[in-house]
Amino acid sequence: NTLNNKLYFKRGQELQRGQRVVVVEDVINTGTSALDITKAIEYNGSKVVAYASLVDRTNKCVFGDIPHFSLLKVKSNIWHKHGCEYCNAQLHLRSV
């Protein structure tokens, strides 16, 4: 859940201080969501020991020294808004 753009745990979904956690995602594109939940986990006194995903589309190591395991690695082009030639030209794409 989010509150003021920060992730938090709902009541009944608390971690015990010192607990070791594996963050699991279906698809990791940039790693932002996994890193955001990591902040919430660490804030609660627990430690992320690994990341796991079904699909890894990061094309690079985004988790530092923490291991990331995936079933499938997919090379993909991911552009941030400021690096996208279509965004910079203010062209809007639609799916058909």
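The legends below describe close-up views of a predicted model.

**Figure 1. Overview of the elements in the protein chain.** The protein chain has 2 helices and 5 strands. Read from the N terminus, these elements follow the order β-β-β-α-β-β-α. Of the 96 residues in the protein chain, 22% are buried. Among contacts with a separation of 6 or more, 51% are between residues 24 or more positions apart.

**Figure 2. The open sheet formed by β3, β4 and β5.** The sheet is open, has 3 strands in the order β3-β4-β5, and shows parallel pairing. Strands β3 (20–28) and β5 are at the edges and have a single partner strand each, so one side of each lacks a neighbour in the sheet. On average, neighbouring strands of this sheet are turned by 10 degrees against each other, with direction ignored. Strand β5 spans residues 68–73, and strand β4 spans residues 47–56.

**Figure 3. Pairing of β3 with β4.** The two strands run parallel and are joined by 8 bridges. Two residues of β3 may be picked out with their bridge partners in β4: Val 21 has Val 48 as its partner, and Glu 25 has Ser 53. Val 21 and Val 48 also both belong to the largest nonpolar core, while Ser 53 appears again in Figure 6 through its side-chain polar contact with His 68.

**Figure 4. Helix α1 against the sheet.** Helix α1, residues 32–43, lies across β3 and β4. The helix runs at about 160 degrees to β3. Together, β3, α1 and β4 form a β-α-β unit that is right-handed.

**Figure 5. The largest nonpolar core and the surroundings of Ile 28.** This core has 8 residues in all: Val 21, Val 23, Ile 28, Ala 34, Ile 41, Val 48, Tyr 51 and Phe 63. At least two of the core residues come from each of β3, α1 and β4. The most is given by β3, with 3 residues. Leaving aside residues up to four places away in sequence, the core member Ile 28 touches Ser 53, Val 55, Asp 56, Arg 57, Thr 58, Phe 63 and His 68. One of these, Phe 63, is itself part of the core.

**Figure 6. His 68 in strand β5.** His 68 is found in β5. The residue counts as buried because its relative accessibility is 19%, and the cut-off for buried is under 20%. The side chains of His 68 and Ser 53 are joined by a polar contact of 2.9 Å. With residues up to four places away in sequence not counted, His 68 touches Ile 28, Tyr 51, Ala 52, Ser 53, Asp 56 and Phe 63. Among them, Ile 28, Tyr 51 and Phe 63 are members of the largest nonpolar core.

**Figure 7. Ser 70 in strand β5.** Ser 70 is also found in β5. Its relative accessibility of 24% is why Ser 70 counts as partly exposed, a class that lies between the cut-offs of 20% and 50%. Ser 70 touches Ser 53, Leu 54 and Asp 56, again not counting residues up to four places away in sequence. Of these, Ser 53 and Asp 56 are also touched by His 68. The C-alpha atoms of Ser 70 and Val 55 are 5.9 Å apart in space, although the residues are 15 apart in sequence.

Technical notes:
Residues numbered from 1 in each chain as written. Predicted model: local features only at pLDDT ≥ 70, side-chain atom pairs only at ≥ 80, totals over all residues. Heavy atoms only, no water. Helix = DSSP H or I, 4+ residues; strand = E, 2+ residues; numbered from the N terminus. Buried < 20%, exposed > 50% of the residue type's maximum accessible area, 1.4 Å probe, protein only. Polar contact = N/O pair within 3.5 Å; in protein donor to acceptor, adjacent residues only side chain to side chain. Contact = heavy atoms within 4.5 Å. Pairing = 2+ DSSP bridges. Axes fitted to C-alpha atoms, helices over the stretch in contact; angles between N-to-C directions. Core = buried A, V, L, I, M, F, W, Y, C linked by side-chain atoms within 4.5 Å. Right-handed = clockwise from strand over helix to strand, strands pointing away.
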